[in-house]
Amino acid sequence: GQSDKPGDFDYSIAGYDRFVEAFCDEAGLDRVTLVLHDWGSVGLAFAQRMPERVERLVLSSVVPFLPDYRWHRVARLWRTPAIGELTMGFTTRKGFRRGLPAEIADRAFDEFDHGTQRAVLKLYRASPPEVLAQAGERLGELRCPALIEWPTRDPYIGAEFGRRYADALGGDARLEEIDAGHYAWLDRPEIVDRVAAFVG
């Protein structure tokens with residue numbers, strides 16, 4: 001929540017794709033391993049456009065860049081003009097504690113400023129299901145090794161999308177389904193060691 005959120009940034013999959021490229025260039029990273037969660041899926045747009053720069057992928061509960069995904073209830077509210085703004089405005093700390101793990105709820109709420117709210121609304125509204133599907137049309141061209149650590153109890157993104165990512169990627173993709181929720185590493189900390197071994 002502490003990242004800059006300028007009003008003129010392109011809060012879309014394409015905008016974040018260009019940002020990832022610019023960040024890598026600025027940091028002098030010619031090749032990268034991408035560990036992606038939730039909207040970290042924008043890294044897949046970068047990977048498809050510049051596969052030669054990606055050594056490995058780790059996916060866990062990333063937004064599906066695949067056909068037939070339908071946004072969860074809260075996202076549908078955010079995507080609706082006026083309703084989304086009202087939903088943001090009436091969000092409370094208690095609501096964050098109901099919807100997020102205790103380890104991150106208070107910190108996330110403290111950083112839930114106007115810029116964050118605006119960024120969330122713009123990104124979700126720029127990403128209807130057909131745009132998500134289009135953003136993954138070249139997943140089969142990604143030949144790098146991939147580890148998919150996918151939870152089976154995620155209320156936002158179904159377990160079937162882990163399997164579908166494994167099928168869509170063009171390289172060696174290892175799928176591990178985990179009895180966990182959206183923030184799988186909080187429920188199953190051993191995931192961190194598996195990911196570290198894979199990327200190391």
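**Entry 1. Lys5**

Which residue's side chain does the side chain of Lys5 join through a polar contact of 3.3 Å? I looked this up in the model, which is predicted, and found that the partner is Thr116. I placed Lys5 in the segment before H1. I also noted that the side chain of Lys5 reaches the backbone oxygen of Ser3, at 3.0 Å.

Is Lys5 buried or exposed? I recorded a relative accessibility of 18%, so Lys5 counts as buried; the cut-off for buried is under 20%. Leaving aside neighbours within four places in sequence, I listed Tyr11, Asp113, Gly115, Thr116 and Arg118 as the contacts of Lys5.

**Entry 2. Helix H7**

Thr116 led me to helix H7, which covers residues 114–125. I compared the span of H7 with expectation: its 12 residues should span 16 Å at 1.5 Å a residue, and the end C-alpha atoms are 16 Å apart, which agrees.

I then asked which residues of H7 are buried. I found Gly115, Thr116, Gln117, Ala119, Val120, Leu121, Leu123 and Tyr124. The cover over these buried residues includes helix H1 (13–27), H3 and helix H4 (83–89).

**Entry 3. Ser127**

I moved on to Ser127, in the loop between H7 and helix H8 (129–135). Ser127 has a relative accessible area of 0% and is buried. I looked for a polar partner of its side chain and found the backbone oxygen of Leu123, which lies 2.8 Å from a polar atom of that side chain. Not counting residues up to four places away in sequence, I noted that Ser127 touches Ile13, Trp39, Trp71, Arg79 and Leu132.

**Entry 4. Aromatic pairs**

How many aromatic pairs does a search of the whole structure find? I recorded 14, and I examined two of them.

The pair of Trp39 and Tyr124 is edge-to-face, with 5.7 Å centre to centre and 90° between the planes. I located Trp39 in the loop between strand E1 (32–38) and H2, and Tyr124 in H7, so this pair ties together parts that are 85 residues apart in sequence. Both Trp39 and Tyr124 are buried.

For Tyr69 and Phe161, I noted ring centres 5.4 Å apart and planes at 85°, so this pair is edge-to-face as well. Tyr69 lies in the loop between strand E2 (54–62) and helix H3 (73–78), and Phe161 lies in helix H9 (160–168), so the pair ties together parts that are 92 residues apart in sequence. Tyr69 and Phe161 are both buried.

I next asked which residues form one aromatic cluster. I found Trp39, Tyr69, Trp71, Trp78, Tyr124 and Phe161 in it.

**Entry 5. Nonpolar cores**

In soluble globular proteins, nonpolar side chains tend to be buried together. I therefore looked up the largest nonpolar core, which holds 44 residues, given that general tendency. Trp39, Leu44, Leu57, Phe65 and Tyr165 touch the most other members of this core. Helix H2 (residues 42–49) supplies its largest share, five residues. I also noted a second, separate core of eight residues, including Val58, Ala180, Ile191 and Phe198.

I examined the surroundings of Phe65. Not counting residues up to four places away in sequence, Phe65 touches Ile13, Trp39, Ser41, Val42, Leu44, Ala45, Leu132, Ala133, Ala135, Gly136, Leu139 and Tyr165.

What sits over the ring of Phe198? I found the charged end of Arg56, 4.7 Å from the ring centre.

**Entry 6. Glu21**

I found Glu21 in helix H1. Not counting residues up to four places away in sequence, Glu21 touches Phe46, Arg49, Met50 and Arg53. I also checked Glu21 against Leu36: the two are 15 residues apart in sequence and 15 Å apart in space, C-alpha to C-alpha.

**Entry 7. Positive phi values**

I recorded a positive phi of about 75° for Asp68, which is not a glycine. Asp68 is in the loop between E2 and H3. With a relative accessible area of 60%, Asp68 is exposed.

For Ala82, also a residue other than glycine, I noted a positive phi near 75°. Ala82 is in the loop between H3 and H4. Is Ala82 buried, exposed or partly exposed? I entered it as partly exposed, at 48% relative accessibility.

Notes. Residues numbered from 1 in each chain as written. Predicted model: local features only at pLDDT ≥ 70, side-chain atom pairs only at ≥ 80, totals over all residues. Heavy atoms only, no water. Core = buried A, V, L, I, M, F, W, Y, C linked by side-chain atoms within 4.5 Å. Buried < 20%, exposed > 50% of the residue type's maximum accessible area, 1.4 Å probe, protein only. Helix = DSSP H or I, 4+ residues; strand = E, 2+ residues; numbered from the N terminus. Contact = heavy atoms within 4.5 Å. Phe/Tyr/Trp six-rings, centres within 6.5 Å; stacked < 30°, edge-to-face > 60°. Lys NZ or Arg CZ within 6 Å of the ring centre and 35° of its normal. Expected span 1.5 Å × (residues − 1). Polar contact = N/O pair within 3.5 Å; in protein donor to acceptor, adjacent residues only side chain to side chain.
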